[in-house]
Amino acid sequence: MAVYILYYDFQATSGNHAGMSYLARKLKAQFPDVQLIKHIPQEIKGGRFWVHIHSVLIFCYLFIALKPGDKVFFMEYLTYGVAFQDRIAKWLKRAGKSNKLIGLVHLAGSHLLDLYGDEKIISHKLSWLDKVVVFGSSLAAFIQERRFSKEIKVCHHYVDSTFYQPRTDNSENEKLDVIVVGRLKRNFQQLNEIIAKTADNIIFHLCLGAKPLPDTFKQQHNVLTYGFLSEEELLKLMQTCDVHLAVLEDTVGSNAITSAMAVGLVQVVSDVGSIRDYCDQSNSMLCSSVNDFTQALSFLSQNLALVPSMKSSARRQAERMSLANFYKSFPELL
């Protein structure tokens, strides 16, 4: 039995120890029956035109190559406008292929509704699959509510815990250093309010990628801002911090959350989506309002002696989501 994994190499995580392209390559190295099919990059000139033709070519290849018992694993299913994996699944089914089609959906339900606009469209695109894999229970519930009656498998988003590790020395910060990473489904207005209402003895490190920061953040005196950082540079910065702050609108499984936990950072996060699949009270403070966030950060800054044990708990939780454990669960996802 061959397993064909279709994946896309996003620029944001290309070459990093995170993202679905890295996972696809690691699965190929681990399982000899895995065959990789890489979608062409859409960020290049003309990419959005050629991706349509490439999806037809992938379908033709699979139509010829698939043998009875082979499976197809789509790693970017329902990723709006990228790779068009739902089309390939539809064509395979309409062509009479009986091979099992598995789709990994990793955008939150609210995000899918934002992108597709109509839940009937989402339900229709899911109907071509035989199985859905998700990184969180909230997305599983969302898909079930869209009348998907076939199997849904919930697993954790992996983290490469051999690369993402805490700093080796045991030194502790005199002030609470807080890092903010990522832009997807973040509430920046609420984040700005939290920073404005937080005491001066807390330092915020904002790493929001290459896009310009809103001017309001630049006016905050307890904020350090960073442009694009390489993965190694980001890791070194994370290792100097104590807390990962994530003010989220929704979440399923997040690179930012899992990598920060692997570095051993306390999570101060919005209590939304599937966050409780990843975080608990031993390593995190779950918040619902600006006041919750400011109180959580104030408590940690005034009780620095409690921070090391919470950081250790975060690291232990991340080890449960390691690549090695993902390898063990992968056959169950097929």
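This is a chat about a sheet, a helix and some salt bridges in a predicted model.

Me: What's the strand order in the open sheet of six strands?
Reply: The order is S9-S8-S7-S10-S11-S12, and the pairing is parallel.

Me: Which strands sit at the edges?
Reply: Strand S9 (223-226) and strand S12 (284-287), each of which pairs on one side only.

Me: And how are neighbouring strands turned against each other on average?
Reply: By 20°, with direction ignored.

Me: Let's zoom in on S8 and S9. How many bridges do they pair over?
Reply: Four, in the parallel sense, with S8 covering residues 202-207. As for a specific pair, His 205 has Leu 224 in S9 as its bridge partner.

Me: What holds strands of a sheet together, in general?
Reply: Backbone hydrogen bonds do the pairing, either parallel or antiparallel.

Me: OK, helices. Which strands does H12 lie across?
Reply: Helix H12 (residues 307-320) lies across strand S7 (176-181), strand S11 (266-270) and S12. Relative to S11, helix H12 runs at about 75°.

Me: Is there a salt bridge inside that helix, and which residues does Arg 315 pair with?
Reply: Arg 315 forms a salt bridge with Glu 319, with the closest N and O atoms 3.2 Å apart. Both belong to helix H12, and because they are four residues apart there, about one helical turn separates them.

Me: Are those two buried or exposed?
Reply: Arg 315 is buried, at a relative accessible area of 15%, while Glu 319 is partly exposed at 39%.

Me: Now the wider picture: how many salt bridges does the count come to?
Reply: Ten salt bridges. One of them joins the side chains of Glu 151 and Lys 131, at 3.6 Å from N to O.

Me: Where in the chain are Glu 151 and Lys 131?
Reply: In distant parts of it, 20 residues apart: Glu 151 is in strand S6 (residues 151-154) and Lys 131 in strand S5 (residues 131-134).

Me: Why does Lys 131 count as buried?
Reply: Because its relative accessibility is 2%, and buried means under 20%. Glu 151, at 42%, counts as partly exposed.

Me: What about Glu 145, which residue does it form a salt bridge with?
Reply: With Arg 146, where the closest N and O atoms are 3.2 Å apart. Glu 145 is exposed, with a relative accessible area of 57%, whereas Arg 146 is buried at 14%.

Technical notes. Residues numbered from 1 in each chain as written. Predicted model: local features only at pLDDT ≥ 70, side-chain atom pairs only at ≥ 80, totals over all residues. Heavy atoms only, no water. Pairing = 2+ DSSP bridges. Helix = DSSP H or I, 4+ residues; strand = E, 2+ residues; numbered from the N terminus. Axes fitted to C-alpha atoms, helices over the stretch in contact; angles between N-to-C directions. Contact = heavy atoms within 4.5 Å. Salt bridge = Lys/Arg side-chain N within 4 Å of Asp/Glu carboxyl O. Buried < 20%, exposed > 50% of the residue type's maximum accessible area, 1.4 Å probe, protein only.
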